[in-house]
Amino acid sequence: MRKRRFIECDVFTSTPTKGNGLAVVLDGEGLTRQQMQDFAAWTNFAETTFLAPADDPRADYHLHIYTPKREMLFAGHPTLGSCAAWLHAGGQPKAPGTVRQKCGVGIVEIDITGAVPAFIAPPTKIAPMPEESFRAIAARLSLDPATVVRTAVLENGPVWQAIELQSAADVLAIDGTGLRYPEFVGIGLIGAHEDAAECDYEVRMLAPSSGMDEDPITGSLNAALAHWLKSQQRLRAGLVHAQGTRIGRAGRVHIREDARGILIGGETQIMIEGTLTL
């Protein structure tokens, strides 16, 4: 047991308490996987992260990401939140303007030169959703077939059962209470807002592995959805996705593309900092 630096932050929002909370242990070196899992279960956040020195000379730090139940290879809001916490605590990237994070999917780059920090979305595998999977989800959510535009299974570390509905209103109308992992795995809903709306799409993620009914804001899902939109030639410049609306959050995910790939960005608010004994 020793004192370790700790930061709690709120990710993908400009309004503190309206994003997705994250616990960040800045001095995670020396902790066992069981200790990290136990602490993540104790915090009961959707994710808790642990930073340690990188074992790859290209990286600025190594990141372990845990839900209360398991370790994850990659997740979006822990990536941006951990980067913000590391910078807030005095971290200096090896390459000016870019933080390089080592995690379960390899090196993830975070651009810190834009209006909001943004990570380069890892590659996404896109496959048809099996008919039996869709039928089970549609039955559980009481989906009106007339509202379903298209479906897919997306994988960028996590696996997402993605369903596009005709409108943001259709997405927000879904009752997702009671869905639980692992009976259902990462159901991602997306629907377009009207042209005059503040945001381009409304996104929801149901049955997260954290054990909640619904995840407030999910960077990795939005990254996978952006790749899905691009595969259909529908990824426009400067997209903004809203998420968390149904559960009282104000998540905003900013999506852009440049020569490096698709970038997923958002604001992080530092809420609490101090030390803990672990």
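## The second largest pocket

The residues that form the lining of the second largest pocket fall into three classes, with seven nonpolar, three polar and five charged among them. The space in this pocket comes to about 180 Å³, and of the 15 residues that line it, those closest to its centre are Arg-5, Leu-26, Leu-51, Ala-52 and Trp-86. The model described here is a predicted one, and the values in this report are to be read with that in mind.

## The largest pocket

About 230 Å³ of space is found in the largest pocket. Its lining is made up of 24 residues, and the ones closest to the centre are Arg-70, Met-72, Trp-160, Met-205 and Ser-209. Three elements each give two or more residues to this lining, namely helix H2 (76-88), strand E11 (159-165) and helix H5 (219-231), and of these H2 gives the most, with three residues. When the lining of the largest pocket is sorted by class, twelve residues are nonpolar, nine are polar and three are charged.

Where does the largest pocket lie with respect to domain 1 and domain 2? Domain 1 is made of residues 3-120 together with 265-277, while domain 2 covers 125-263, and because both of them give residues to the lining, the largest pocket lies between the two domains.

## Glu-47, an annotated residue

In the UniProt record, which is an unreviewed entry, the annotation "active site" covers Glu-47. This residue sits in the loop that runs between helix H1 (33-43) and strand E3 (48-52). Is Glu-47 buried or exposed? Its relative accessible area is 8%, and since buried means under 20%, Glu-47 counts as buried.

If residues up to four places away in sequence are not counted, Glu-47 touches Gly-21, Leu-22 and Ala-23, then Ile-65, Tyr-66 and Thr-67, and also Met-72, His-77 and Pro-78. One of these contacts, Met-72, is also among the residues closest to the centre of the largest pocket.

## Pro-158, a second buried loop residue

Pro-158 is found in the loop between strand E10 (148-155) and strand E11. With a relative accessibility of 8%, Pro-158 counts as buried, because that value falls under the 20% cut-off.

Leaving out neighbours within four places in sequence, Pro-158 is in contact with Met-72, Phe-74 and Ser-220, so that Met-72 appears here as well as among the contacts of Glu-47. Measuring from C-alpha to C-alpha, Pro-158 and Val-185 are 9.4 Å apart in space, although 27 residues separate their positions in sequence.

Note on methods. Residues numbered from 1 in each chain as written. Predicted model: local features only at pLDDT ≥ 70, side-chain atom pairs only at ≥ 80, totals over all residues. Heavy atoms only, no water. 1 Å grid on protein atoms, 1.4 Å probe; cavity = no way out; pocket = protein on both sides within 12 Å on 5 of 7 lines; lining within 4 Å. Points joined across faces, edges and corners; volume = space filled by probe spheres on them. Helix = DSSP H or I, 4+ residues; strand = E, 2+ residues; numbered from the N terminus. Nonpolar A, V, L, I, M, F, W, Y, C, P; charged D, E, K, R; others polar. Domains from an automatic or database assignment. UniProt positions renumbered as here; feature names shortened; annotations may be inferred. Buried < 20%, exposed > 50% of the residue type's maximum accessible area, 1.4 Å probe, protein only. Contact = heavy atoms within 4.5 Å.
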